[in-house]
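Got the viewer open? Let's take a short walk through this structure, one selection at a time.

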Amino acid sequence: MFASFSALCARRRGTAVRLASALVVSGLVAAGALTGAGTAFAGETTQTQGGATATIGGLKTYGTAVIHDRTAGDQQVSAGLFEMSVDGGGTLQTYCVDLHNPTQRDARYHETPWSGTSLGANKDAGRIRWILENSYPQVNDLAALAAKAGVQGGLTEQDAAAGTQVAIWRYSDGADVDAVDPQAEKLADYLSKSAVDVAEPRASLSLDRPAVSGHPGELLGPVTVHTNAAGVTLTPPADAATTGVRIVGKDGKPLTTAADGSQVFFDVPEDAAAGSAELTVQASTTVPVGRAFASESRSQTQILAGSSESTVSATASASWAEKGAIPALSAARNCAKSGVDITAANQGDEAFTFSLMGADYEIPAGESHTVTIPLQEDQPYDFTITGPNGLDQRFTGILDCRTQGSASAGDAVQTLSEPSPATVGGTADDTNLAATGGSSTTPLIAGLAIGFVVIGGAALVVVRKKEEAQARTRG
């Protein structure tokens, strides 16, 4: 069945293959007093903010649609519901909101705010959520759905899935697309014309201030729990028994569970050496319809259409030291600014200073500041910030903020004569070459600009893509 979703979100042959040059930022030395040996705080941070993590399987229920393109002509694609398996248990059903990007086989996805996807800048994102809530599979009485849409002869599950996906593409990608089946097309027209704006749904689970800092002997936090679950389980740091770090409420009493709106703290012993700890929060719930799912491997963005009872989780970190700068770092994609927001909070008694992308920043004691790192669309990024008390935090991911409709003209989906998976070759580790639907004659047109910036004796290496590809008119 996986081979059946062939043409979905693949690009046409002849499109320039993109050279996905990795953005590597190393040796970002944060000035400040290094206070004692302490436990090093080192880790890799992807821009996830909690919720469900899942692996995509393939199209489960689908029909056929036709995309009308003035350059490439009419092209048939599969259109319908994907299925994902949730880490820890559960199943998700999703539709595509990223028509012209490929799908990687077995790609891993994370629940993501709309602001971290193309939906954040899409004025019609709320209409897509309305479609999801008023069509299949949320409405599984197909006779009632057919009657409401004025479909004569009823709807099959395949018709309902295809019609729903077509209606979504009209808003998510601005696509000129029709369903092949007349019943599915009638449903798509009804959904497209009836859709109204609906607000973005809340996350299934998120933590407000996923990174905190302070001094030993203090309650570090608060970390506020936001969830639609009845309750969450709090798992203390793995080495809590030896370090003495506890997870508590603001009254100082230990907590093992919490609810929506609860505030939790890290209770660090007064004699603790400089170090860090991590809290895991987990729950079982249904993920709200309309939540976006983004991949770290440039696999097409999805939007949730249905959820079984599923495992959701989030993590929060704490760092502490007796004196000096005590930074806490967190990150989130910001598609409105085409970059990643790095938030640095400093609860120390000295300023935390660091250099990033050729600019210097200072976070005064007791303050927090957010730095937006501009990135190229479709570019993998990988940079590390180092600092006092063994701080060594790495940020990785790939920026996928635009659909083809909002990118440069000339790319379109390709027509595939026979079914084959619409995938990017290789895995997420293949960051040097992203071949999306090219043939053996596909031209490789790309340039790399390499800038070197010296920061406090460390090298900042930025490899940026300078894409020069321009679509050629077919003759």
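Start with the open sheet: select its 4 strands, which line up in the order β8-β10-β14-β12 with antiparallel pairing. Now look at the edges, where you'll find β8 (205-208) and β12 (246-248). Each has a single partner strand, so one side of each is left without a neighbour in the sheet. Neighbouring strands here are turned by 30° against each other on average, ignoring direction. Keep in mind that you're looking at a predicted model.

Next, zoom in on β8 and β10 (residues 219-227): the two run antiparallel, joined by 4 bridges. Want one to click on? Pick Asp-208, and its bridge partner in β10 is Thr-224.

Time for a helix. Select residues 125-133, which is α1. Is α1 mostly covered or mostly open? Mostly covered, with 7 of its 9 residues buried. Those buried residues are Ala-125, Gly-126, Ile-128, Arg-129, Trp-130, Ile-131 and Leu-132. To see what lies over them, add β5 (91-96), α3 (157-172), α4 (182-194) and β17 (302-307), which are among the elements doing the covering.

Now for the inside. In soluble globular proteins, nonpolar side chains tend to be buried together. Here, the largest nonpolar core holds 82 residues, and you can select Tyr-95 and Phe-266, the ones that touch the most other members. Leave α3 switched on too, as it gives the most to this core, with 8 residues.

For the last stop, head to a second, separate core of 21 residues. Cys-335, Val-340, Ala-344 and Leu-375 are among its members, so to speak your handles for finding it.

Definitions and conventions
Residues numbered from 1 in each chain as written. Predicted model: local features only at pLDDT ≥ 70, side-chain atom pairs only at ≥ 80, totals over all residues. Heavy atoms only, no water. Buried < 20%, exposed > 50% of the residue type's maximum accessible area, 1.4 Å probe, protein only. Contact = heavy atoms within 4.5 Å. Core = buried A, V, L, I, M, F, W, Y, C linked by side-chain atoms within 4.5 Å. Pairing = 2+ DSSP bridges. Axes fitted to C-alpha atoms, helices over the stretch in contact; angles between N-to-C directions.
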